[in-house]
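Me: I'd like to learn how to read helix packing, pockets and odd backbone spots in a model. Can we go through one together?

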Amino acid sequence: MIGATTNLLRSATAILALLSNVRAAPTSYAYNGNGQCPQTNTTNSEISKRAVAFDYNGNKVRGVNLGGWFVLEPWITPSIFGEWSSSNTVVDEYTYTRTLGKDEASSRLRNHWNTFITQGDFNAIAQAGLNHVRIPIGYWAAAPRDGDPYVQGQLDVLDQAINWARGAGLKVMLDLHGAPESQNGFDNSGKYGSIGWQQGNTVSETVTAIQNLANRYKGDTDVVTAIELLNEPLGPRLDMGGIQDFYNKGSQAVKSASSNFVVALHDAFSTDWSQFGQGVDNVMLDTHQYQIFSPDEVGRSPSEHVSHACGLGPKLASTNKWIVVGEWSGAQTDCAKWLNGLGKGARYDGTFPDSRWTGDCQGKYVGSVANLSSDDKKNIRSYIEAQLDAYEQHTGWFFWTWKTESAPEWDMQDLLAGGLFPQPLDSRQYPGQCG
């Protein structure tokens, strides 16, 4: 629970944010979810109520995810899960906290939260030319349920992070990455295995988590410009009508806190983007683009990966709402240690069930960008450039992820240091790949 001092600081921040909006009214914009132009006949008071603190029409989102920070993923931080590597009894944050118990889990996770991402990371992200971060958070941080093993304390660190973003000139998208009983069965939802979301009270509990986040940060809309209602609900395994109903209720919860928030909606792995966000102002779609999670995709040649990335550009460009590619990477393989789950192999080298050998994972299982082969370096740089060119044909992108312990195809910090992520962001060694 936040102490009295923190409450006073947050109240002061809210007042300053409101005053900032009033001062900025003549040059602020009133957007709607169809990406229409600023309304020049809007009064100052109306603008201050409905202003979004980033021009999503005129500027590109160039962002990065802070994965593995507030929601554990074994492949991002394998050292956290190392003591269970042979037993496979701890495979996600749920089993991690259940096994350790509240006290020990809280001690270890607080250390992780306070050291994995720091103010220096936010400054480095801004120095690389990025303007946004997407921060995954689990429902258990905002609306814990009785009987869950998860521990809390993340939001105190998130409060700090928002101030770091403010100081670095970055905008924040908050992303509810895990829902009660899991919306997709992935370990990155907090709970690996079966999909239990949409059963019992799980949807209403998810809306409560969204409401709590929106209420907590409604005074920080100068920085927190967007809230994503849920990461990767697995549409093919869920009731799509139920997802739409949740999106409507979640949007209402966010807008009831502040109309200055953009509501972000993941596409639930559907290719029909027209079905999302109808009748909601300031709505943004989010699609995730990886080409490695099936044998056919991971079997593509480097040039085929580039071609498929470029092919998405025109579809993005023709979408009548703001749309970001909220997750993508430099990976053309699924070689990274435990990427497919703790103890599981890779499709690329045929060690994952029902896969076939495509190539060798040497240098990509664990390691650094500096130790990749010259061919891998060339292919990754080319692929990243193609994706940048494609995804900036509309609103923009968030790379996954800023840092890992040992996954070079996914580690933006390491890719930047190794010269595989363009600096400046619009420089090209392979121009014109997308025509």
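Reply: Sure, let's start with helix packing. Two packed helices are described by the angle between their axes and the distance between the axes. In this predicted model, take helix α4 (residues 93-100) and helix α5 (residues 102-115): their axes come within 6 Å and cross at roughly 125°. An angle of 115 to 145 degrees falls outside the perpendicular and antiparallel ranges, so α4 is oblique to α5.

Me: Which residues of α4 and α5 meet there?

Reply: On the α4 side you have Glu93, Tyr96, Thr97 and Leu100, and they meet Lys102, Glu104, Ala105, Arg108 and Leu109 in α5. Sorted by class, that contact has four nonpolar, one polar and four charged residues.

Me: Now α12 and α13. At what angle do their axes cross?

Reply: Roughly 10°, and the axes come within 8 Å. The cut-off for roughly parallel is under 35 degrees, and α12 and α13 are therefore roughly parallel to each other. From α12, the residues in the contact are Pro302, His305, Val306, Ala309, Cys310, Leu312, Gly313 and Leu316. From α13, they are Asn379, Ser382, Tyr383, Ala386, Gln387, Ala390 and Tyr391. By class, this contact of α12 with α13 has ten nonpolar, five polar and no charged residues.

Me: On to empty space. How do I read the largest pocket, and which residues lie nearest its centre?

Reply: The general idea first: rolling a probe the size of a water molecule over the atoms shows where empty space is left. Here the largest pocket holds about 840 Å³ of space. Its lining has 33 residues, and those nearest the centre are Phe186, Glu232, Phe269, Tyr290 and Phe293. By class, the lining splits into 15 nonpolar, ten polar and eight charged residues.

Me: Which helices supply at least two residues each of that pocket lining?

Reply: We've met them already: α12 (302-317) and α13 (374-391). The largest share comes from α12, with three residues.

Me: And closed spaces? How many cavities of 30 Å³ or more are there?

Reply: The count comes to one. The largest cavity has a volume of about 40 Å³. Among the residues lining the cavity are Tyr94, Tyr139, Arg145, Asp148 and Tyr150, along with Glu181, Ser182 and Lys191. The class split for this lining is five nonpolar, three polar and four charged residues.

Me: Let's turn to the backbone. Where are the cis peptide bonds you'd point out?

Reply: Look at omega. A cis peptide bond joins Trp400 and Thr401, with omega about 15°. Thr401 sits in the loop between β8 (396-399) and α14 (412-417). The bond from Gln423 to Pro424 is cis as well, with omega near -10°, and Pro424 is in the segment after α14.

Me: What is the phi of Glu232, and where does that residue lie?

Reply: Phi of Glu232 is near 50°, a positive value in a residue other than glycine. Glu232 belongs to the loop between β4 (224-228) and α10 (240-257). You've seen this residue before, in the group nearest the centre of the largest pocket.

Me: Last thing: how should I read the confidence? Where does pLDDT stay under 50?

Reply: Start with the whole chain, which averages a pLDDT of 91, and 89% of the residues score at least 70. Then check the local stretches: pLDDT stays under 50 over residues 1-49. For that stretch the model has 65 contacts beyond four places in sequence.

Conventions:
Residues are numbered from 1 along each chain as its sequence is written. This is a predicted model: local features need pLDDT of at least 70, side-chain atom pairs count only at pLDDT 80 or more; totals for chains, interfaces and linings use all residues. Side-chain values use heavy atoms; hydrogens and water are left out. pLDDT is the predictor's confidence in each residue, from 0 to 100. Contact means heavy atoms within 4.5 Å. On a 1 Å grid over the protein atoms alone, a cavity is a set of points where a 1.4 Å probe fits but cannot get out, and a pocket is an open set with protein on both sides within 12 Å along at least five of seven lines; lining residues have an atom within 4 Å of a point. Grid points are joined across faces, edges and corners, and a volume is the space filled by probe spheres set on the points. Helices (H or I, at least four residues) and strands (E, at least two) are DSSP runs, numbered from the N terminus. Ala, Val, Leu, Ile, Met, Phe, Trp, Tyr, Cys and Pro count as nonpolar, Asp, Glu, Lys and Arg as charged, and the others, Gly among them, as polar. Axes are lines fitted to C-alpha atoms, for helices over the stretch in contact, and angles run from 0 to 180 degrees between N-to-C directions. Angles under 35 degrees count as roughly parallel, over 145 as roughly antiparallel, 65 to 115 as roughly perpendicular and the rest as oblique.
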